[in-house]
Amino acid sequence: MEATICFIGAGNMSLSLIGGLLASGYEKSRILATDPNNDRRREVTQSMGIRCIEHNIEAANQADIIVLAVKPQQLEGVCRELAPTVKARGSLLISIAAGVRSRDINGWLGDDAAIIRTMPNTPALIGSGATGLYANDRVNEAQKSQAEHILRAAGLTAWVQHESDLDAVTAVSGSGPAYYFLFMEAMQAAGQKLGLDESTARLLTIQTAFGAAKMALESRDDCASLRQKVTSPNGTTEKAIQSFEQQHFRDIVEQAMTAARNRAIELADELGHTHNNDSAR
């Protein structure tokens with residue numbers, strides 16, 4: 001029998017995961033969600049065909065797996081509300097709330113909870129996400145498999161051994177889509193300055209990004225090898241690459257991602273009301 005999954009919070013990320021689960025054949029009767037807004041509950045029920053109710057405790061009392069999909073600032077209150085239910089049922093908790101460490105979630109729940117913390121990204125909304133996952137020592141292999149199945153409904157998944165690695169995941173894939181959007185934005189603008197109309201510059205930029213990513217995913221070659229294969233000596237691509245390198249492109253990327261990682265650590269400290277970084281490692 002499939003586990004009953006409860007999504008606390010019926011936002012866009014929850015709906016993307018629910019949609020993916022339903023598409024994979026998961027039973028509608030085994031999925032429910034909560035939302036305080038009556039119109040939103042009605043909308044979710046009509047669009048997804050699942051139960052969407054108002055009260056978190058009522059939903060959690062029916063669930064084997066609880067997906068915490070509320071805003072990070074709301075997570076403490078939700079966890080404290082659900083603590084007695086989670087303790088009584090031994091439910092698995094999956095958090096998709098960005099930046100909140102599992103030890104803080106565990107403390108709010110009263111300790112000894114099985115928690116999987118995840119870092120999805122926005123392409124999960126269209127089934128093309130990349131999600132990092134970390135399990136605390138209360139999670140068993142069967143629960144890890146269940147969590148992986150849920151998150152794979154919105155894209156690929158990757159486990160990390162140390163929770164602090166999720167800060168690096170945030171810098172790579174969590175914030176990463178914005179880096180590519182910025183690069184594409186700059187490419188389109190440059191294409192227009194070189195004489196292309198806006199529509200053509202946009203279309204060519206986006207399709208080129210898609211094609212390059214698809215090649216990288218499907219090729220056995222790494223990104224460096226793929227770049228070298230399309231960089232002919234004394235050709236146009238080589239001139240562009242040389243210009244990037246002269247502007248210290250790699251250093252710029254490293255500095256930006258380090259800044260993102262450092263900010264992820266700061267936010268986790270703020271959200272968890274703690275300033276002890278070392279204990280999260």
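What is the volume of the second largest pocket? About 600 Å³. Keep in mind as you click around that this is a predicted model.

**Stop one: the pocket.** Start by selecting Gly11, Met13, Ala69, Val70 and Lys71; of the 23 residues that line the second largest pocket, these are the closest to its centre. Next, colour helix 1 (12–23) and helix 4 (72–89), since each of them supplies at least two residues of the lining. Helix 1 gives the largest share, 3 residues. If you then colour the lining by residue class, you should get 10 nonpolar, 10 polar and 3 charged residues.

**Stop two: a pair of backbone oddities.** Most residues other than glycine have a negative phi. Now jump to Asp112, in the loop between helix 5 (102–109) and strand 6 (114–119). Asp112 is not a glycine, yet its phi is positive, near 70°. Switch on the surface while you're there: Asp112 counts as exposed because its relative accessibility is 55%, and the cut-off for that label is over 50%.

For another one, head along the chain to His248. You'll find it in the loop between helix 11 (236–246) and helix 12 (249–272). Phi of His248 is positive too, at about 60°, and again the residue is not a glycine.

**Stop three: the cysteines.** Don't bother hunting for disulfides: a search of the whole structure turns up 0. Select Cys6 and draw a distance to the sulfur of Cys52, which is the nearest cysteine sulfur to it; the gap is 9.5 Å. A disulfide would need the two sulfur atoms within 2.5 Å, and Cys6 is in none.

Is Cys6 buried or exposed? Buried, because its relative accessibility is 0%. Then hop over to Cys223, where the label is exposed, because relative accessibility there is 59%.

**Last stop: Gln188.** Select helix 8 (residues 176–193) and pick out Gln188 within it. With 17% relative accessibility, Gln188 counts as buried, because that label covers anything under 20%. Which residues does Gln188 touch, once those up to four places away in sequence are set aside? Show Glu198, Ala201, Arg202 and Thr205 as sticks and you have the list.

Definitions and conventions
Residues numbered from 1 in each chain as written. Predicted model: local features only at pLDDT ≥ 70, side-chain atom pairs only at ≥ 80, totals over all residues. Heavy atoms only, no water. 1 Å grid on protein atoms, 1.4 Å probe; cavity = no way out; pocket = protein on both sides within 12 Å on 5 of 7 lines; lining within 4 Å. Points joined across faces, edges and corners; volume = space filled by probe spheres on them. Helix = DSSP H or I, 4+ residues; strand = E, 2+ residues; numbered from the N terminus. Nonpolar A, V, L, I, M, F, W, Y, C, P; charged D, E, K, R; others polar. Buried < 20%, exposed > 50% of the residue type's maximum accessible area, 1.4 Å probe, protein only. Contact = heavy atoms within 4.5 Å.
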